[in-house]
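This report describes selected local features of one protein model. The sequence and structure are shown first, and the description follows.

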Amino acid sequence: MIVGITTAVRIVVLPGDGIGPEVTEAARRVLDVAAGRVGLRLDFVEELVGGASVDAFGVALRPQTLRLCKTADAILFGAVGGPKWDDASPQSTLRPGSGLLALRKGLELFANLRPVRVDPAMVATSALRPERVKDVDLLVVRELTGGLYFSKPKRRYSTPRGDAAVDTMRYSTPEIERVAVRAFELARRRRQRLCSVDKANMLETSRLWRSVVSRVAERYPDVACSHMLVDAFAMDLLRRPQAYDVVVTENLFGDIVTDEASMLAGSLGMLPSASLGGGTLGLYEPIHGSAPDIAGKGIANPIGAILSAALLLRWSLNREDAAQVIEQAVSRVLADGLRTADIAPDGQPAVGTTAMTDAVIEALG
Ligand code: IPM
Ligand code: MG
C-alpha cells in the first residue's frame, strides 16, 4: 500500500536588495501555507542576487546560482538595485539589474506576463475615476529577452566632440513569433481579444513585429487581433482601460506601459509578474523595484510579491486551486479595509508588511 506520497518541489528564493527581502519573505510564507493546503511540500533554497551578491561575491549573479535556478521548479524573486551600486555601467556585472537580466536570458524566459486587475475594493484608490477602472482585467505579455535591453552593439565611446552612446533594438522572426503565440494562446483562454503594441510608423523592428504578429493571428481566427502604436496605446490605456484583454509588446514598451498600468490598480506595489519560457520553469517577481527609500522600515506593500506566489502556483506548479486560494485571500483582506501606506487613502491608518501578510495567511482559511 502506498500512503501519503507528497512530491517535494524545489523553489529558489532570490530576495535581492532594498525591500526585496521583506516582500519575498511575505510571499514565501503565504506560498508555503497555501501549498500545504493542497498537500504540496515545497523546499526553499535561498541565494543572493543583485547588489547583495555584488557585495558578497563581486558579481550580480554567480554562475552556480544560475545553474541552481535551471534545476529548480520555480524561482521567487524580490527586487534588485539601489543607490550604492548606481555608478556601474548598465552592462557591468557589478550592476544589480544585470543579475536579473542574466537570469531572464540564461533561463530563456521570453514571455513576461503582467496581469492588471483592479480589485473591487481598490476602485476608489485608483488614480482614475471609479467608472473608468471598474472591472479592468488586462494581461500585458512583455517580450523579455530581446530588443533594446540585449541587442548589440550596446556601448558608450568617446569621440572628439564628447562621449557618444549606442543601444540597439533588434528582433528576429522566431523571437517575435514565440511570444506572439504565447499571447494568442492566453487570449484564447480569456476574452479572445489581443492588441499588439508597437511603433511601426517609426521602427523597422516594429514593422517586422507587426507582420509576424499578423501572420500568427491567422492561426487564431477565434481571437480578435488589433495593432496599436505605443504612444496612442499609452493614452488609450488611461482613456478606456476596460477595452483591453491581452496586450503583447516588445521589451522596453512593456516595461513602461506596465508601470503606467499599475496606477489603474492603485499602486506599483500591487502588481505581480510571471516570466516564462518554453517549459514550466518560471521566475516570479512583483513588477516594483527595490524602493531603497523605504527599505528596512517594514512598510512595503507585499501584495505584488504575494500575488506573484499565486502565479508561481498557477504557471509552474499547475495548481490553479492553490493560486486562487491566495488571490481570494488578498481580495478578502482588501475588502476588509486593510491597507499598506502606499494604498491607504490620505489620513487613513496603514498596516505594515508583516501585518498585511499575517492577514492574508489568516484569510487563506
Ligand atoms: C522590471 C524592472 C527591470 C526591467 C529592471 C530592474 C532591470 O524595471 O522588471 O520592470 O527594466 O525590466
Ligand atoms: Mg520596470
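## Aromatic pairs

In this predicted model, Y244 has a relative accessibility of 5% and therefore counts as buried, since the limit for that class is under 20%. F233 has a relative accessibility of 1% and is likewise counted as buried.

A search of the whole structure gives three aromatic pairs. One of them joins F184 and Y220, whose rings are stacked, with 5.0 Å from centre to centre and 15 degrees between the planes. F184 belongs to helix α6 (residues 173-188), while Y220 is in the loop between α7 (204-217) and β9 (224-229), so this pair ties together parts that are 36 residues apart in sequence. Both F184 and Y220 are buried. F233 and Y244 also pair: their ring centres are 5.1 Å apart and their planes stand at 80 degrees, so the arrangement is edge-to-face. F233 is in helix α8 (residues 230-239) and Y244 is in the loop between α8 and β10 (246-249), so the parts tied together here are 11 residues apart in sequence.

## Charged groups over rings

Two arginine side chains are placed over aromatic rings. The charged end of R62 sits over the ring of F57, at 3.7 Å from the ring centre. R142 lies over the face of Y149, and the distance to the ring centre is 5.3 Å. Y149 appears again in the description of the largest pocket, where it is among the residues closest to the pocket centre.

## The largest pocket

The largest pocket has a volume of about 970 Å³. It is lined by 38 residues, of which G97, S98, L100, L101 and Y149 are the closest to its centre. Four elements, β3 (74-79), α4 (96-106), α9 (251-262) and β12 (282-286), each contribute at least two residues to the lining. Helix α4 supplies the largest share, nine residues.

By class, the lining of the largest pocket contains 17 nonpolar, 10 polar and 11 charged residues.

## The cavity

The whole structure contains one cavity of 30 Å³ or more. The volume of the largest cavity is about 30 Å³. Its lining is formed by M169, Y171, V197, D198, T205, S206, W209 and E250. At least two lining residues come from each of β8 (193-198) and α7, and α7 gives the most, with three residues. The lining of the largest cavity divides into four nonpolar, two polar and two charged residues.

## Two buried strand residues

V247 is located in strand β10. Its relative accessible area is 0%, so V247 is buried. Apart from neighbours within four places in sequence, V247 is in contact with L139, V140, V141, C195, V197 and F233. Two of these contacts recur elsewhere in this report: V197 lines the largest cavity, and F233 takes part in the edge-to-face pair with Y244. V247 and H227 are 20 residues apart in sequence, and their C-alpha atoms are 9.5 Å apart in space.

S273 is located in strand β11 (residues 272-276). With a relative accessible area of 0%, S273 is also buried. Residues up to four places away in sequence being set aside, S273 touches N112, L113, R114, L283, Y284, E285, I287, S308 and L311.

## Backbone features in loops

The peptide bond from K152 to P153 is cis, with omega near 0 degrees. P153 is in the loop between β5 (137-143) and β6 (155-159).

E108 is not a glycine, yet it has a positive phi of about 55 degrees. E108 is in the loop between α4 and β4 (111-117). Its relative accessibility is 49%, so E108 counts as partly exposed, the limit for exposed being over 50%. N318, which is not a glycine either, also has a positive phi of about 55 degrees. N318 lies in the loop between α10 (303-315) and α11 (320-335). The relative accessible area of N318 is 66%, and N318 is therefore exposed.

Definitions and conventions. Residues are numbered from 1 along each chain as its sequence is written. Chains are lettered from A and ligands numbered from 1 in the order in which they are written. This is a predicted model: local features need pLDDT of at least 70, side-chain atom pairs count only at pLDDT 80 or more; totals for chains, interfaces and linings use all residues. Side-chain values use heavy atoms; hydrogens and water are left out. Rings of Phe, Tyr and Trp (its six-membered ring) pair if their centres lie within 6.5 Å; planes under 30 degrees apart count as stacked, over 60 as edge-to-face and the rest as tilted. Buried means under 20% relative accessible area, exposed over 50%, partly exposed in between (1.4 Å probe, protein chains only). A charge sits over a ring if NZ of Lys or CZ of Arg is within 6 Å of the ring centre and within 35 degrees of the ring normal. Contact means heavy atoms within 4.5 Å. On a 1 Å grid over the protein atoms alone, a cavity is a set of points where a 1.4 Å probe fits but cannot get out, and a pocket is an open set with protein on both sides within 12 Å along at least five of seven lines; lining residues have an atom within 4 Å of a point. Grid points are joined across faces, edges and corners, and a volume is the space filled by probe spheres set on the points. Ala, Val, Leu, Ile, Met, Phe, Trp, Tyr, Cys and Pro count as nonpolar, Asp, Glu, Lys and Arg as charged, and the others, Gly among them, as polar.
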